[in-house]
Structure formats: C-alpha cells, structure tokens
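Student: I'm new to this structure, and I'd like a close look at one part of it. Could you take me through the inside, meaning the core and the pocket, and what surrounds them?

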Amino acid sequence: MTEPEESKALVRRLVEIVNAGDLEGLEEVASGQIAEAARRWIGPFRESFPDFHMEVREVIAEGDKVVGHFKCSGTHQGEWRGRPPSGRRFEGVDEIYIFRVEDGKLASALAIVEDDLTRLRQLGIES
C-alpha cells in the first residue's frame with residue numbers, strides 16, 4: 001500500500017473498532033493521547049447508543065492528513081446528556097473529521113462536522 005492508502009486504512013480500521021465498541025483496539029490505530037480521548041468519548045456514547053454504527057462514505061488522504069466523511073446511526077437505549085433512554089433512533093447523521101497521521105498512527109482528530117441538530121431532532125430532543 002502507498003502511504004495515503006495506509007493512512008486511509010487507519011481511518012477505516014478506526015471505524016471498525018468504533019462500530020465493534022472495541023476500546024482496547026484503539027491502541028492499534030491511534031497514539032496514546034488520541035486513543036485515550038477516543039476511549040472517553042466512545043465508551044459513554046456506546047452505553048447510550050449500544051448499536052451505534054458509522055458508515056464510511058469517503059476517505060481522502062494527502063500528506064499526513066486524512067479526511068473522513070461518515071454517516072452515523074444509533075438507538076437511544078441509555079441515559080444521554082441527562083436524558084433517559086427514549087428508544088428513538090437517529091440515522092444518516094453526517095460527521096466529517098480531519099485526522100493527522102504520525103509514525104503510522106492517528107495522532108489527532110478534528111471534528112469539522114457533527115450534525116448534532118439532526119441527531120437531536122430525530123431523537124425528539126430538539127424541534
């Protein structure tokens with residue numbers, strides 16, 4: 001694989017790990033600090049949405065940067081943002097991240113788009 005292909009593969013593998021809820025697997029693709037930050041986010045979010053799923057729509061790599069566009073879905077089955085489980089589902093929520101790769105692992109992630117308004121509306125939290 002070429003370097004951009006290897007970088008894109010890291011992001012695709014990250015999505016597999018997130019979809020499986022494999023918090024230990026984060027070390028495979030991410031350096032210490034980003035792996036720890038991801039664990040702090042993924043664990044509680046998956047408790048609220050145990051069937052959370054990210055679909056890779058597009059991954060683009062250039063230099064040490066990788067941009068990933070994802071469509072996300074999940075069912076509200078645990079407390080989230082102080083709200084009890086509703087059983088409602090969000091689907092097709094856009095997320096776009098820019099990752100930086102260093103020494104063969106994801107070293108940082110910046111959320112460019114997290115369509116929380118659509119997520120909240122679908123969950124009946126925001127009108």
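Tutor: Happy to; we'll start in the core, follow a helix, visit the pocket, and finish with a few single residues.

Please keep in mind that this is a predicted model.

Let's begin in the middle. The largest nonpolar core has 31 residues, and those that touch the most other members are Phe52, Phe70, Phe90, Phe99 and Leu106. Helices and strands both contribute: α1 (3-20), α2 (26-29), α3 (32-48), β1 (53-62), β2 (65-75) and β3 (89-102) each supply at least two residues of this core. With six residues, α1 gives the most. This fits a general pattern, in that nonpolar side chains tend to be buried together in soluble globular proteins.

Phe52 is a good residue to zoom in on. Setting aside neighbours within four places in sequence, you'll find Phe52 in contact with Val18, Asn19, Trp41, Phe45, Arg46, Cys72, Ser73, Gly74 and Phe90. Of these partners, Phe90 is itself one of the residues that touch the most other core members.

Now follow α1. Its buried residues are Ser7, Lys8, Leu10, Val11, Leu14, Val15, Ile17, Val18 and Asn19. The cover over them includes α2, α3, β1, β2, β3 and β4. You can also check the length of this helix: α1 has 18 residues, so at 1.5 Å a residue it should span 26 Å, and its end C-alpha atoms are indeed 26 Å apart. After α1 comes Gly21, which has a positive phi, near 70°.

Next, the open space. The largest pocket holds about 390 Å³. Its lining is made of 21 residues, and Ile34, Ala38, Tyr97, Phe99 and Ala109 lie nearest the centre. Notice Phe99, which you met in the core as one of the residues touching the most other members. At least two lining residues come from each of α1, α3, β3 and β4 (105-114). Here α3 gives the most, with six residues, whereas in the core that place belongs to α1. As for character, the lining has 17 nonpolar residues, two polar and two charged.

While we are at α3, have a look at Gly43, which sits in this helix. Gly43 has a relative accessible area of 15%, and because the cut-off for buried is under 20%, Gly43 counts as buried. Its C-alpha atom is 12 Å from that of Leu26, and the two residues are 17 residues apart along the chain.

Strand β4 offers another pair to compare. Val113 lies in this strand, and its relative accessibility of 30% makes it partly exposed. Val113 is also 17 residues from Ile96 in sequence, but their C-alpha atoms are 4.8 Å apart. Leaving out neighbours within four places in sequence, Val113 is in contact with Asp94, Glu95 and Ile96.

Finally, step out to two loops. Arg81 lies in the loop between β2 and β3, and its phi is positive, near 50°, in a residue other than glycine. With a relative accessible area of 53%, Arg81 is exposed. In the loop between β3 and β4 you'll find Asp103, another residue other than glycine with a positive phi, near 55°. Asp103 is exposed too, with a relative accessible area of 75%.

Methods:
Residues numbered from 1 in each chain as written. Predicted model: local features only at pLDDT ≥ 70, side-chain atom pairs only at ≥ 80, totals over all residues. Heavy atoms only, no water. Core = buried A, V, L, I, M, F, W, Y, C linked by side-chain atoms within 4.5 Å. Buried < 20%, exposed > 50% of the residue type's maximum accessible area, 1.4 Å probe, protein only. Helix = DSSP H or I, 4+ residues; strand = E, 2+ residues; numbered from the N terminus. Contact = heavy atoms within 4.5 Å. 1 Å grid on protein atoms, 1.4 Å probe; cavity = no way out; pocket = protein on both sides within 12 Å on 5 of 7 lines; lining within 4 Å. Points joined across faces, edges and corners; volume = space filled by probe spheres on them. Nonpolar A, V, L, I, M, F, W, Y, C, P; charged D, E, K, R; others polar. Expected span 1.5 Å × (residues − 1).
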